[in-house]
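Got the model open in your viewer? Here is a short tour of what to select next and what you will find at each stop.

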Amino acid sequence: MASCTKLQTTIAALQCIDRGLVALDDDVRYILTELKDVKILAGYEGDEPILKPVQGKITLRQLLTHSSGSAYDALSPHLLKWRLSKGQEPGTMGLSRKDRLDLPFAFEPGTSWAYGYGIDWAGVLVERLSGLNLQEYFEKNIWGVLGIEDITFHQELKPKVRENLVKLTFRGGINTYRTLAIDTGKPVEWTDKPLYDDPYPIGDEMGGQDAIGSATDYLQILLSILRNDGKLLKPETVDEMFIQQLGEGSLAASRAHQGSSFFKDTFGSSKEEEVLGWGLGGLLLEKDSETGRGSGTLTWSGLPNLLWRIDRETGLVLFYAGNVLPFGDFESHRYEQKFEKEMYKRLRESREATL
């Protein structure tokens, strides 16, 4: 499920708010004590990093909306240089959670936007407030509540998940793998490689990426939020998820990122003018007359070309579950757009048939 895990961790953090354990605008450094002395990497003078202190608060709202400055090293040239200088591989695999999160920030919290480790930090916060690891917490407070049996962080705990796990396909073959797609027109090739093979031990789960499981079970989470049924969150908390959360500088940076020509027509891409901002759990999109998508739709994606949407205006949830690398696959984008149009068409026809 890769980054589709982020919605689940966001829900867990919001449950902590519902229980009065923390607030969105609390400075979370009293819980996440590792961040008390975190520095901002402003650049380099030769090979010497320019490190500056954080001036303001680091809030849960910022962690959940990628506006804290905790950015992915693989997507930031300065952080990439920092990671390599430590003799470590960039990216989200291969290190313990503690070492993976041990990075400077990319900017002063609340002033810009960068996709990154904020929701992984939020997962650590949930663990410390609840006294449970994320596997235990999700089982008790999300999966168990909704009757979900086939999502986990650890395949060894759920043999059925391991048995049904689909292996990856690679556009152009595994030997041509790159981080982001280019439109080669080549076919996909099947491999025996899973995306994740329980990379972290129990108690070391990454709340931004590690869940594995069933697409139909994941739909139960989307439906619960759409219906605002009170099973996971208070009604007013669900309403808050669909409200634009970013400040002016962060919103401008998010829109520029989403609307970059680099991502044009790639899987999960959005035009800059479509971006309303960032809610709690995902990107907020404007109405799309071409597909039928309603205004204020909450959405995000996952590495093997996965994409979910919660459209409250129209009353529809979608989950396109591909299993192709690299992310941004152009052909997967075309299929997803067809799928989306067809689902909205069927919804309209169903409603018209009942009139």
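## Stop 1: two positive phi values

Select Asp-265 to begin: its relative accessible area is 41%, so the residue is partly exposed. Keep in mind throughout that you are looking at a predicted model. Asp-265 sits in the loop that runs between helix 10 (248–258) and strand 7 (275–278). Check its backbone torsions and you'll find phi near 65°, a positive value in a residue that isn't glycine. Why pause on that? Most residues other than glycine have a negative phi.

Now jump to Asn-228, another non-glycine residue with a positive phi, about 50° in this case. Asn-228 is in the loop between helix 8 and helix 9. Is Asn-228 buried or exposed? Its relative accessible area is 19%, and the cut-off for buried is under 20%, so Asn-228 counts as buried.

## Stop 2: Asp-229 and its side chain

Stay in that loop and pick Asp-229, which lies between helix 8 (215–227) and helix 9 (235–241). With 33% relative accessibility, Asp-229 is classed as partly exposed. Show its side chain and draw two distances. One goes to the side chain of Ser-224, a polar contact of 2.8 Å. The other runs from the Asp-229 side chain to the backbone nitrogen of Lys-231, at 3.0 Å. For a longer ruler, try Leu-21: the C-alpha atoms of Asp-229 and Leu-21 are 22 Å apart, with their positions 208 residues apart in sequence.

## Stop 3: the nonpolar core

Next, select Leu-64, Tyr-218, Ile-221, Ile-225, Met-241 and Trp-308 together. These are the residues with the most contacts inside the largest nonpolar core, which has 78 residues.

Zoom in on Ile-221. Which residues does Ile-221 contact, leaving aside neighbours within four places in sequence? Select Gln-8, Ile-11, Ile-142, Leu-146, Ile-148, Ile-151 and Leu-232 to see them.

## Stop 4: two helices that cross

Colour helix 1 (residues 5–18) and helix 6 (residues 134–143). Their axes come within 11 Å and cross at roughly 80°. An angle of 65 to 115 degrees counts as roughly perpendicular, so that is the label for helix 1 relative to helix 6. To see the contact itself, show Gln-8, Thr-9, Ile-11, Ala-12, Gln-15 and Cys-16 on helix 1, and Tyr-137, Phe-138, Asn-141, Ile-142 and Trp-143 on helix 6. Colour this helix 1 and helix 6 contact by residue class and you get 7 nonpolar, 4 polar and no charged residues.

## Stop 5: Ser-3, Tyr-115 and Trp-300

Slide back along the chain to Ser-3, in the segment before helix 1. Ser-3 is buried, at 12% relative accessibility. Its side chain makes a polar contact of 2.8 Å with the side chain of Tyr-115. Beyond residues up to four places away in sequence, Ser-3 touches Tyr-72, Tyr-115, Gly-208, Gln-209, Trp-300, Ser-301, Gly-302 and Leu-303.

From that list, pick Trp-300, which belongs to strand 9 (residues 297–302). Trp-300 is buried, with a relative accessible area of 12%. The side chain of Trp-300 also makes a polar contact with the Tyr-115 side chain, at 2.8 Å. Not counting residues up to four places away in sequence, the residues Trp-300 touches include Ser-3, Lys-6, Gln-258, Trp-278 and Trp-308. For scale, Gly-247 is 53 residues from Trp-300 in sequence and 20 Å away in space, C-alpha to C-alpha.

## Stop 6: a cis proline and a buried aspartate

Finish around the loop between strand 12 (324–325) and helix 11 (330–353), where you'll find Pro-326. Look at the peptide bond joining Leu-325 and Pro-326: it is cis, with omega about 5°. Most peptide bonds are trans.

The loop between strand 12 and helix 11 also holds Asp-329. Asp-329 is buried, with just 2% relative accessibility. What does the Asp-329 side chain make a polar contact with? Select Arg-171: the two side chains are in polar contact at 2.9 Å. Leaving aside neighbours within four places in sequence, Asp-329 is in contact with Arg-171, Ala-181, Phe-267, Asn-305 and Val-324. Of these, try Phe-267 for a last distance: its C-alpha is 5.4 Å from that of Asp-329, although the two are 62 residues apart along the chain.

Definitions and conventions. Residues are numbered from 1 along each chain as its sequence is written. This is a predicted model: local features need pLDDT of at least 70, side-chain atom pairs count only at pLDDT 80 or more; totals for chains, interfaces and linings use all residues. Side-chain values use heavy atoms; hydrogens and water are left out. Helices (H or I, at least four residues) and strands (E, at least two) are DSSP runs, numbered from the N terminus. Buried means under 20% relative accessible area, exposed over 50%, partly exposed in between (1.4 Å probe, protein chains only). A polar contact is a pair of N or O atoms within 3.5 Å; within protein, one must be able to donate a hydrogen and the other to accept it, and residues adjacent in sequence count only if both atoms are side-chain atoms. A nonpolar core is a set of buried Ala, Val, Leu, Ile, Met, Phe, Trp, Tyr and Cys residues joined through side-chain atoms within 4.5 Å. Contact means heavy atoms within 4.5 Å. Axes are lines fitted to C-alpha atoms, for helices over the stretch in contact, and angles run from 0 to 180 degrees between N-to-C directions. Angles under 35 degrees count as roughly parallel, over 145 as roughly antiparallel, 65 to 115 as roughly perpendicular and the rest as oblique. Ala, Val, Leu, Ile, Met, Phe, Trp, Tyr, Cys and Pro count as nonpolar, Asp, Glu, Lys and Arg as charged, and the others, Gly among them, as polar.
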